[in-house]
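Please take a moment to look over the sequence and the model before reading on. The paragraphs below go from one strand to its sheet, and from there to other parts of the chain.

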Amino acid sequence: IESMLIKSVGFFPYRSSNLDVLIKQSKRQRAESILIEMGYIQLHNVAEPYKTLFRTFKGGKSTSVIHLHNKVAWINPFHDERLLWKRYRSSAKEALLDIPSSADSILILTAHWFYENKELNLSDIVNIAACLKEEDDPDWEYLRAVAAKMGWLNGLYFGLLVQSHVEKKLLGRSSISDDQLQMMRAALPLWMRTYLDKIIHARPITLPFRLPKIYGKFLHIDKTLKDHTITPARKICESAKVAYASAVVVLLYRFGLNIRYQPAMLISISGVDGSGKSTCARQLYDILDFCQIRTRIVWSRVGSSNFLKPFSKIVRIFYHLGKGKKISKTFENFAESEARRKELFGKVPGFKTVGALVLLLEMLWRYSSKVALPLLFKKVVICDRYICDTLVDTKTRYAIHPHTKEGRLFKKLLTYLTPKADIAYLLDISFAETCRRGNVDVRQSRLIADQIRSYREFAGVFNLHQIHTGNDTSIADIGDKMVHETLTRYYGSWPAGKSNFR
């Protein structure tokens, strides 16, 4: 596919944090399908007009970023693509890579740092200076014509004047002649000259050299209104988009509000202790948070909340009285007393029914407040242990089997009254590997073997996606698989036309 790296001027190594690749609109669908086949994920929530963002992830980190452009645009266009495709060239360092002409690179780099980043980096200074020197006598008429046509001639002058000032302060010279600098300065409106003097003389030179974001947004609107390539109605629409993006920035960063659109999703990760659930959940959370998706992790275990403390004490009292023992002021950890618990739930008349009801109320309250409520507010919820884990625990730790009357009612109410997971994973681990990781004793090993069998029984009932873990598969690789599947599914259901400006 014919393409060019629009922010590269041919220097290697290429040190930008991402590749900005320009392709023709007719090839966009094919290019996107190629990237998806290569394992890239399209991030719909940070898409911009004329640009889509693709990333790959490995080991809980973003490893490659590609911005696929069909116009040189940051919210709105800054160049005429027909001119770019007529003038582009192969890189002198690598013939397989195509880059813009030097004059076009000056326009693109200046527009990018001034309108998009609002900050000037050392790489911007070096690259713009190299393009100016490469042409010896830059075609200033061409630069002015393109910028004026796209409505940002004042922005071009302002950006080059700042770049030249910083370059001279740092390197002792400027790549633009004094006559040209004086001409650009004289062409600026009075208010822009005044502001230029303020920002370049009233502060020391530090890199990156930053401009106020609000000022940049104002110039963005000014550029849109002066753009000769769009109709008056489109100018109003594009200006409104920029104003909306500015309002989002102010609300998000000044007042701590969050009005970004995103759909909700529930992901559950089940398995015995030591299978790697928490590690995978944390890795998935880190990636979703990195992608600017509001996410929370919820951990739960039946019988572990403060809600059950009074009930647990009553149970211990009954147990000690039944054994004819004196009631002690201190008790062992009830969660670890498997034999006592099973004896009470299995032999005391009516105790299993009351216990099942109490445990059900505990989990319904936790799932309602910790899972259903965030989903209502359009968050992504990752459950480290969910319904399947609760049923396994009630079966193996409380002797509430799903084939009994209490067990059937517990399972039916729990599954009916709690949100259904959009993606449900089961980390299936062998008995030997579990014992090796947990260094368990004989009494615990019986419980673990029972739990592994129970998880495999429930896997089909709840349609869990089983992932086998062991010596041959690292937790990091499993996490990478979850990240790719989750993001692919999440963005695959993203409504068309819904995105947030970065």
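Which residue in β16 is the bridge partner of Leu-427? In this predicted model, the partner that Leu-427 finds in β16 is Ile-467. That pair belongs to a longer pairing, since β15 and β16 run parallel to each other and are joined by 5 bridges. As general background, the strands of a sheet pair through backbone hydrogen bonds, and they may do so in a parallel or an antiparallel way.

The strand β15 covers residues 423-429, and a reader may ask how much of β15 is buried. The answer is that 7 of its 7 residues are buried, so β15 is largely enclosed by the rest of the structure. In a regular strand, side chains alternate between the two faces of the sheet. In β15, Ile-423, Tyr-425, Leu-427 and Ile-429 point one way, whereas Ala-424, Leu-426 and Asp-428 point the other way, and the residues of both groups are all buried.

On the other side of the pairing story stands β12, made of residues 265-270, which pairs with β15 in the parallel sense over 4 bridges. Two of the bridge partners can be named: Ile-267 is matched with Ile-423 of β15, and Ile-269 is matched with Tyr-425 of β15. Ser-268 also lies in β12, and its relative accessible area is 3%, which is under the 20% limit used for buried residues, so Ser-268 counts as buried. Setting aside residues up to four places away in sequence, Ser-268 touches Cys-383, Tyr-386, Ala-421, Ile-423, Ala-424 and Tyr-425.

These strands can now be placed in their sheet, which is open and has 5 strands in the order β13-β14-β12-β15-β16, with parallel pairing. The edges are taken by β13 (295-299) and β16 (465-469), and each has a single partner strand, so one side of each is left without a neighbour in the sheet. From one strand to the next, the twist averages 20°. Helix α11, residues 277-290, packs on this sheet and touches β12, β13, β14 (380-384) and β15, while its direction makes about 165° with that of β14.

Just before β15 in the chain there is a loop, and Pro-419 is found in this loop, between α16 (405-417) and β15. Which residues does Pro-419 contact, if neighbours within four places in sequence are left aside? They are Leu-266, Val-371, Ala-372, Leu-375, Tyr-386 and Ile-387. Pro-419 and Leu-266 are 153 residues apart in sequence, yet their C-alpha atoms are 8.0 Å apart in space.

A second sheet involves residues with low numbers, and it is again an open sheet of 5 strands, here in the order β1-β2-β5-β4-β3 and with mixed pairing. Its edge strands are β1 (3-5) and β3 (41-42), each of which has a single partner, so one side of each has no neighbour in the sheet. The mixed character can be followed strand by strand: β1 and β2 run antiparallel and are joined by 3 bridges, with Ser-3 bridged to Ile-23 in β2, whereas β2 and β5 run parallel and are joined by 4 bridges, with Leu-19 standing opposite Ile-66 in β5. Of the 5 residues of β2, 4 are buried, and the strand is thus described as mostly covered.

At the other edge, β3 pairs with β4 (residues 51-58) in the antiparallel sense over 2 bridges, and Gln-42 has Phe-54 of β4 as its bridge partner. Helix α1, residues 28-37, packs on this sheet and touches β2 (19-23), β3, β4 and β5 (61-69), and its direction makes about 10° with that of β4.

Helices also pack on one another, and one such pair is α3 (residues 102-117) and α5 (residues 140-150), whose axes are 10 Å apart and meet at an angle of about 45°. The two helices are therefore oblique to each other, and their crossing is right-handed. The contact is made by Ala-103, Asp-104, Ile-106 and Leu-107 of α3 with Tyr-142, Leu-143, Val-146 and Ala-147 of α5. These residues divide into 7 nonpolar, no polar and 1 charged.

Finally, the chain as a whole has 19 helices and 16 strands, and 51% of its 502 residues count as buried. Among contacts between residues at least 6 apart in sequence, 72% join residues at least 24 apart.

How values were computed
Residues numbered from 1 in each chain as written. Predicted model: local features only at pLDDT ≥ 70, side-chain atom pairs only at ≥ 80, totals over all residues. Heavy atoms only, no water. Pairing = 2+ DSSP bridges. Contact = heavy atoms within 4.5 Å. Axes fitted to C-alpha atoms, helices over the stretch in contact; angles between N-to-C directions. Buried < 20%, exposed > 50% of the residue type's maximum accessible area, 1.4 Å probe, protein only. Parallel < 35°, antiparallel > 145°, perpendicular 65-115°, else oblique. Left-handed = near helix turned anticlockwise from the far one by under 90°. Nonpolar A, V, L, I, M, F, W, Y, C, P; charged D, E, K, R; others polar.
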